[in-house]
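Today I opened the model with two topics in mind: one strand and its neighbours, and then the cysteines. Here are my notes.

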Amino acid sequence: MNRDIYLTDKTALELRGASPEGLVQFLDLVLGTGITEAEVHPFQLKFLKDRLSVEKLAVWVETPAEAAACRRMGAARFVTNAESYLNGIDKMEIPDLTVEIRANSVHTFLTDTRRAEQIRDVKIRIAGIPDVFSDDYKDFFSRVFELFGDETSADFSNRLFCATAAAFEWIHSGGVRICASFTGVGHRACAEELLAALNVIDKTGFSLLNMPEIRNVYEKLTDQKVEDFKPVAGRNIFAFESGIHADGIFKNPINYEPFMPESVGNRRRLVIGKHSGRQALNVKLSELRLAVDKRHIDEINDEVRRFAIRMRRALRDDEIKAICENVISQGGAYEG
Amino acid sequence: MKDKRLIKIVDTTLRDGEQRAGLAFSGSEKLACAMVMDRMGIYQIEAGIPAMCREEKDAIYEIMGHRKNAKISTWNRMIESDIESSLDICPDIIHIGVPVSDIQIKEKLHKTRDYVEEQMKKCILKALSGGSEVTLGFEDSSRADMAFMQQLAHQAASLGIKRIRYADTLGICSPSKIGADISELVRTDLEIECHTHDDLGMAVANSIVAAKNGAEFIDTTFLGIGERAGNCNFIKFITGAKDLFEFGIMSDFINLAEIDNEICGILGIGRKKSDLYERGADCAENRGYL
C-alpha cells in the first residue's frame with residue numbers, strides 16, 4: 001500500500017483515571033508503532049504536552065473555552081462534535097479541526113444539503129456506526145467521501161463486532177484517516193488488529209514489536225488483564241498443541257502462522273496435552289533433555305492423553321517427566 | 001418484509017475449539033455440551049476427530065446416540081486410515097480436510113497438486129462407501145489458487161460431493177477478499193460453508209460477508225475458542241448477523257448469553273480462566289450437568 005494512513009489512537013479518552021506517568025509511558029509506546037497521533041482530553045494535554053511531541057496529540061474539546069485553553073497550551077490539532085462546533089467553536093480560528101458526526105446524524109448530513117453546507121469547510125469524522133456490512137459498504141463509503149471529502153476519518157462502533165473489519169475496508173476503499181484504540185476499548189476498532197491486518201495483507205511496516213510492553217502497561221493502568229488469546233495482543237496466541245498443527249509448524253511455521261510471533265514480541269510455545277501427537281511429544285522430550293527409547297513413546301503418549309483428559313488441561317513439564325519415569329521404570333501408568 | 005435467508009450453523013467447539021492449546025474435554029463434557037447445542041437447534045455439530053484416539057471415537061459415538069436433531073460430523077485428514085476410523089462409527093457427515101494452498105501442499109504435505117487431487121478422490125470414494133454424507137474442507141483457502149479450488153470442486157461434485165468448506169485457516173482474510181472468493185466458489189453450484197479464524201480480529205465480519213455472498217453454512221465456536229486467536233464466535237456472529245439471516249435456532253433459546261454461560265460452565269472455560277495449566281472449577285460434574 002503506497003498511501004500514508006493517518007491513524008488516531010483514542011485509548012487515552014477511555015483512561016480518564018490513568019496516572020500521568022503511566023499514560024505517558026503507554027502513549028509513547030503506542031506512538032512508537034507508527035500510529036500517527038493520540039487523542040486526549042484537555043486535562044491530559046496539560047501533562048502530556050511536556051513529555052510527548054504536541055504534534056502527535058489531538059485534543060477533544062466540547063466548548064469554546066476548552067478550545068481556547070488548549071490553544072494556549074500549544075495544542076496543534078482539535079476534535080469536537082457537531083453540536084459543539086455549531087455552538088461556538090465554528091467562530092474560532094482553529095487551523096486543524098475535525099468535527100465528529102455521530103452515526104444517527106450521518107444520514108441527515110448525507111441527505112440534507114442545508115445541514116451539509118454548515119460543515120462544508122471542515123474536516124469530518126463519522127463516528128459510532130456499528131454496521132456497514134449489512135448493505136453495500138463500498139457504496140456507503142464512496143458516498144461519504146463524495147460528500148465530506150477524502151480527508152474524512154472514521155471511528156466505527158464495535159457493537160456488532162465488526163469495527164476492525166470496517167476500519168480495514170474503509171482504508172481499502174480510499175480512506176486515509178481512521179480511529180482505533182488498544183484492544184478496541186471504548187467499543188471501537190482495535191488498533192493492534194488493524195495494524196497487524198495492514199502489515200499482513202498490505203505489507204505495511206507498522207512496528208508491533210513492543211506489543212508485550214504496551215499490553216503490560218495497559219493492564220497496570222486499567223487493572224484489567226488482556227485476554228490470553230486476544231488477537232495480536234494475547235499472551236498465548238502462539239501456543240500450539242494439536243498434532244496436525246504441530247506437525248505443520250515443525251515443518252514450516254508458515255503453514256499455520258499468519259505472522260511471525262516475534263513480529264508482535266511473542267514466541268511460539270509447544271504445549272503437551274490431549275491433542276499432542278508422537279512428534280510433538282518427541283520434541284518436548286528433547287527440550288526437557290529426556291532420552292526415551294522409542295519403544296515407550298506410544299505408551300507415554302497414551303498416558304499423556306489420559307492424564308490431560310482426567311485433569312482437563314495441558315501438562316506441565318514436571319508432569320511429563322513423571323509420566324516418562326513411571327512408564328520407563330515401572331512399565332505402568334502414572335496415576336497423577 | 002423480505003424473508004431472511006436461512007444460514008445453517010456448523011458448531012466446531014468440540015473439534016477446532018478444543019484444539020486451543022491447553023483444552024481437554026472429557027467425553028461426558030462433550031456429550032453435555034452437544035445436548036445443549038442439539039436442543040437449541042444448531043444444524044451440525046462437528047464433534048471431533050475419531051482417528052485421534054479411542055476415547056475420542058467413543059465420545060463422538062455417545063453424542064450420536066443421544067442427539068435428536070443436529071447432524072453429527074467428524075473431521076478427518078485426507079488419509080484413508082482417518083476415514084476408516086470415522087466409518088467405524090457411521091457419523092451423519094464425514095468431513096475431509098484437503099490442503100489446497102501451494103504453500104501447504106509443498107511445506108506440509110511435501111507433495112504436488114496432482115497428489116492432492118488423486119488423494120482427495122480416493123478419500124471421497126472411501127468415505128462415501130459407508131453411506132454417510134461427505135463434505136470437503138479446503139484448508140488454507142485464503143492463500144489458495146481459486147482456479148485450483150474450482151477444479152477440485154468440480155472433481156468432487158462429479159463424485160457426489162454437495163458441499164465444500166472455505167477455510168480461512170490462518171485468519172488472514174478481509175471482508176472484501178472473502179466476499180470475492182465465496183462469490184467465485186458459489187459458481188461451482190456446490191453448497192458453500194465458511195470457516196474463519198480471528199487472528200486479525202475480522203472473523204465475524206468475514207463470516208457475515210461470506211454469508212451475504214452465498215455461503216449457506218457458517219462455522220462457529222462458543223466463546224470463539226480455537227487455534228491461536230480462535231474461530232468465529234457464535235454469539236458475536238448471531239448478534240452481528242441477526243438482522244440479515246435466520247439461523248433455525250429454537251426461540252426457547254433466545255437468551256444467547258445464558259446458553260453461552262451454560263456451555264462455558266460445562267466445558268470449564270471462561271473469559272478469565274485461560275491459563276494453559278488450569279481449568280475452571282466449574283467443570284461439568286461440579287455444575288451438576290452429568
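I call a residue buried under 20% relative accessible area, exposed over 50% and partly exposed in between (1.4 Å probe, protein chains only). Helices (H or I, at least four residues) and strands (E, at least two) are DSSP runs, numbered from the N terminus. This is a predicted model, where local features need pLDDT of at least 70, side-chain atom pairs count only at pLDDT 80 or more, and totals for chains, interfaces and linings use all residues. Residues are numbered from 1 along each chain as its sequence is written, and side-chain values use heavy atoms, without hydrogens or water.

**Entry 1, the strand.** I looked up strand β4 (residues 71-76) of chain B and found five of its six residues buried. Strands pair if DSSP finds at least two bridges between them. β4(B) runs parallel to strand β3 (residues 44-48) of chain B, with four bridges; K71(B) in β4(B) faces Q44(B). From β3(B) the chain passes through helix α2 (residues 54-66) of chain B to β4(B), a right-handed β-α-β crossover. Right-handed means that, with the strands pointing away from the viewer, the path from the first strand over the helix to the second runs clockwise.

**Entry 2, the cysteines.** How many disulfides does a search of the whole structure find? I got zero over all chains, taking a disulfide as a pair of cysteine sulfur atoms within 2.5 Å. The sulfur of C190(A) is too far for a bond because the closest cysteine sulfur, in C162(A), is 14 Å away. C194(B) is in no disulfide either, with the sulfur of C173(B) nearest at 7.5 Å.

Notes:
Chains lettered and ligands numbered in written order.
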